Amino acid sequence: GGGGDVGVSEGGATDTQDVARSLTVQNTRLRTALLRLKEQSELERNDLQRQLKTYQMESTSKQEIQIELEELRQTHSTTLEEMQELKDIIDETTSLEETIETLSDKVWNLEEMNANLERTIREMEESAEIAAEMEEVQSDELKMAMKDLEGRDALIRNLEEAIRMQRRREEDFQRYVSEFRTSISNLKQEKAALMTLTEGNQGEKSQLLATSK
């Protein structure tokens with residue numbers, strides 16, 4: 001009876017491997033679909049603040065995923081060790097049918113648990129990879145946005161400097177016009193003085209001519 005149960009357990013293990021392979025194919029297809037969806041999506045620059053918050057939240061989520069993944073790996077390793085120990089005990093106690101049946105059930109349960117753990121680990125690994133890819137994309141978007149902002153700041157500084165230079169040129173021109181008007185006014189005054197002086201000299205010459213006659 002014990003030997004037959006061991007055969008059933010081995011057959012169950014083979015079925016479990018088939019299911020695991022099928023799940024691996026399904027996970028691969030799901031991952032390919034996820035990657036295609038990711039490639040088709042675009043991040044909107046107007047949502048930069050929301051993306052930053054999401055980026056921070058996903059960074060925390062990624063750390064939690066990595067911690068949980070490490071714990072699952074340790075549990076998986078421990079389960080494999082326990083399963084091997086139980087298999088060794090079954091080989092050494094073939095004469096104890098009741099013990100063999102009990103241990104066979106435990107091995108089957110451990111194999112099923114192990115398959116579930118492996119599937120969970122694969123899913124966690126894929127989630128961690130997606131989180132890492134999203135983090136990298138968001139980091140690139142953030143750098144591009146910051147670079148764009150820096151470019152705008154530089155443009156604003158250049159425009160402000162151009163405005164200051166234009167104002168200085170206008171002030172210099174106004175000062176030049178003012179000085180030119182002052183010069184014209186001085187010349188008019190000097191001309192008027194010369195005209196007055198010339199008229200005075202003409203009057204004196206006329207009087208001298210009249211007296212001499």
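Start with aromatic pairs: in this predicted model, the count comes to one. Select Tyr176 and Phe180 to see the pair, and draw a centroid on each ring. The ring centres are 6.5 Å apart and the planes meet at 20 degrees; planes under 30 degrees apart count as stacked, so this pair is stacked.

Keep both residues selected and turn on the backbone. Tyr176 and Phe180 sit four residues apart in helix α3, which puts about one helical turn between them.

Now colour by accessible area. Is Tyr176 buried or exposed? Tyr176 is exposed, at a relative accessible area of 53%. Phe180, at 47%, is partly exposed, because the exposed class begins over 50%.

Next, add Phe173 and Ile184 to the selection. Together with Tyr176 and Phe180, these residues make a nonpolar surface patch with about 440 Å² of accessible area in total. Click on Phe173: this residue belongs to helix α3, which covers residues 97-212. Its relative accessible area is 51%, so Phe173 counts as exposed.

Finally, zoom out and switch to a cartoon view. What elements does the chain have? You will find three helices and zero strands, running α-α-α from the N terminus on. Show the whole surface next: the chain exposes about 16600 Å², with 53% of that supplied by carbon and sulfur atoms. Of the 213 residues, 17% are buried. As a last stop, try a contact map: among contacts between residues at least 6 apart in sequence, 83% join residues at least 24 apart.

Methods. Residues are numbered from 1 along each chain as its sequence is written. This is a predicted model: local features need pLDDT of at least 70, side-chain atom pairs count only at pLDDT 80 or more; totals for chains, interfaces and linings use all residues. Side-chain values use heavy atoms; hydrogens and water are left out. Patches are made of residues with over 30% relative accessible area and no salt bridge: like charges are joined within 9 Å, nonpolar side chains (Val, Leu, Ile, Met, Phe, Trp, Tyr) within 5 Å. Accessible areas come from the Shrake-Rupley method with a 1.4 Å probe; for residues, only the protein chains shown count as cover. A salt bridge is a side-chain nitrogen of Lys or Arg within 4 Å of a carboxyl oxygen of Asp or Glu. Helices (H or I, at least four residues) and strands (E, at least two) are DSSP runs, numbered from the N terminus. Buried means under 20% relative accessible area, exposed over 50%, partly exposed in between (1.4 Å probe, protein chains only). Rings of Phe, Tyr and Trp (its six-membered ring) pair if their centres lie within 6.5 Å; planes under 30 degrees apart count as stacked, over 60 as edge-to-face and the rest as tilted. Contact means heavy atoms within 4.5 Å.
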